[in-house]
Amino acid sequence: MGIKPHIMNGVALITGSASGIGRAVAHVFVEEGCTRLILADLDDGGLRTVSDELKALNSDVQTCICICDVSSETDVQKMVDDGVQAFGAIHYAVNNAGVASRPRVKTHELEASAWDRVQNVNGRGAWLCERAEIRQMLKQEPSLTTRTGAPAQRGSIVNLASIFAFATQNTNGAYSSSKASVIGMTKTDAITYAQDGIRVNSVCPGSTLTPLGLKSGTYPADMTKPIPMGRLARSEEIAQGIVFLASERASFITGESLNIDGGSLSYYHF
Ligand code: NAD
């Protein structure tokens with residue numbers, strides 16, 4: 001007689017799921033038993049490819065594909081409405097869509113429009129998504145149960161911050177500020193909705209091999225020097241932490257920010 005694995009049988013919503021970390025998160029949700037996924041991104045073709053990949057992993061998987069700009073209030077509301085129409089609820093939400101600072105220049109050289117672009121997606125976008133998800137979760141009965149006998153919960157939200165919320169480079173102010181705001185929002189909503197059965201946490205990746213880092217040129221020439229483990233993260237390694245925090249296994253964790261960075265933030269290097 002074996003021990004039954006913990007199955008995540010709620011509905012998952014993942015923004016920015018056409019690529020990189022978001023795509024890996026969708027894969028891990030399916031590996032953990034989740035069969036109903038709301039996939040949101042600007043990239044229609046990328047979402048359809050990811051949807052096909054998930055259905056190849058498990059033929060029971062159903063997806064709701066949402067073309068959504070997370071910085072648009074209308075798009076975000078439509079994403080939640082379409083997801084709820086498809087599956088009736090949202091239990092796990094991963095606010096992952098994000099952009100890098102471009103151009104990489106010092107503050108005195110940075111245009112306000114470049115600052116706004118990063119804040120609009122990473123800060124305002126995450127907030128719009130979180131607000132719409134919380135409004136939906138508050139309407140749901142608590143149904144996420146654990147084997148520990150803890151009270152059932154309504155939902156769980158994980159926001160993508162970054163180690164750049166805590167340590168930075170001299171041309172990364174817009175991005176660092178946007179990710180610091182994600183940490184503040186996470187803590188605020190974690191305490192505000194703690195007794196409503198909604199948990200809110202952040203994950204702070206270090207440098208990860210994804211298109212975002214590579215396209216923006218944010219990785220220095222010797223990218224691995226500040227990383228004690230001597231390599232960049234794989235998207236799947238970040239996704240494991242995200243899905244754990246989203247899951248019922250993390251039922252008493254809220255307001256936390258989990259660094260997944262190969263030891264970078266613990267390392268004073270000179
Ligand atoms: P990625 O570029 O591979 O994926 C980001 C996805 O977000 C893309 O599919 C993109 O189309 C989508 N997106 C961008 N703007 C959007 C918008 N306005 N509305 C909807 N979708 C939008 O990047 P990634 O590396 O997988 O990044 C995922 C998250 O992880 C981001 O929030 C990023 O800031 C964070 N992060 C990444 C790293 C890294 O080194 N890659 C490190 C720390 C944090």
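In the predicted model, T224 lies in a loop, the one that links α6 (211-216) to α7 (235-246). T224 counts as partly exposed, because 14 C-beta neighbours fall inside 10 Å, and burial would require 20 or more. Leaving aside residues up to four places away in sequence, T224 touches G230, R231 and L232. D41 is 183 residues from T224 along the chain. The C-alpha atoms of these two residues are separated by 30 Å.

The chain contains seven helices and seven strands. Their order along the sequence is β-α-β-α-β-α-β-α-β-α-β-α-α-β. The radius of gyration is 18 Å, which agrees with a compact globule, because a chain of 270 residues would then have a value near 18 Å. The C-alpha trace spans about 55 × 45 × 40 Å along its principal axes. Of the 270 residues, 45% count as buried. Among contacts with a separation of 6 or more, 73% join residues 24 or more positions apart.

Nonpolar side chains tend to be buried together in soluble globular proteins. Here, the largest nonpolar core has 64 residues. Helix α4 (residues 112-139) contributes the largest share of this core, with eight residues. V25, F29 and I242 have the most contacts inside the core. F29 touches M8, A12, C34, L37 and V243, again not counting residues up to four places away in sequence.

One peptide bond deserves separate mention. The bond from R102 to P103 is cis, with omega near -5 degrees. P103 is found in the loop between β4 (92-95) and α4.

The ligand is surrounded by 30 residues. Of these, G16, G20, G98, T210 and L212 come nearest. Helices α1 (20-31), α4 and α6 each supply at least two residues of the shell. By class, the shell has 15 polar, 12 nonpolar and three charged residues. Helix α4 thus appears in two settings: the nonpolar core and the shell around the ligand. Helix α6, which also supplies residues to the shell, precedes the loop that holds T224.

Confidence values were examined for the chain and for the complex. The mean pLDDT of the chain is 95. In the chain, 95% of residues reach 70 or more. For the complex, the predictor gives an ipTM of 0.99 and a pTM of 0.97. Where pLDDT is low, the predicted coordinates should not be read in detail.

Notes
Residues numbered from 1 in each chain as written. Predicted model: local features only at pLDDT ≥ 70, side-chain atom pairs only at ≥ 80, totals over all residues. Helix = DSSP H or I, 4+ residues; strand = E, 2+ residues; numbered from the N terminus. Buried ≥ 20, exposed ≤ 12 C-beta atoms within 10 Å, placed from the backbone. Contact = placed C-beta atoms within 7 Å. Core = buried A, V, L, I, M, F, W, Y, C linked by C-beta atoms within 7 Å. Near = placed C-beta within 6 Å. Nonpolar A, V, L, I, M, F, W, Y, C, P; charged D, E, K, R; others polar. pLDDT = per-residue confidence, 0-100. Rg over C-alpha atoms; globule rule 2.2 N^0.38 Å.
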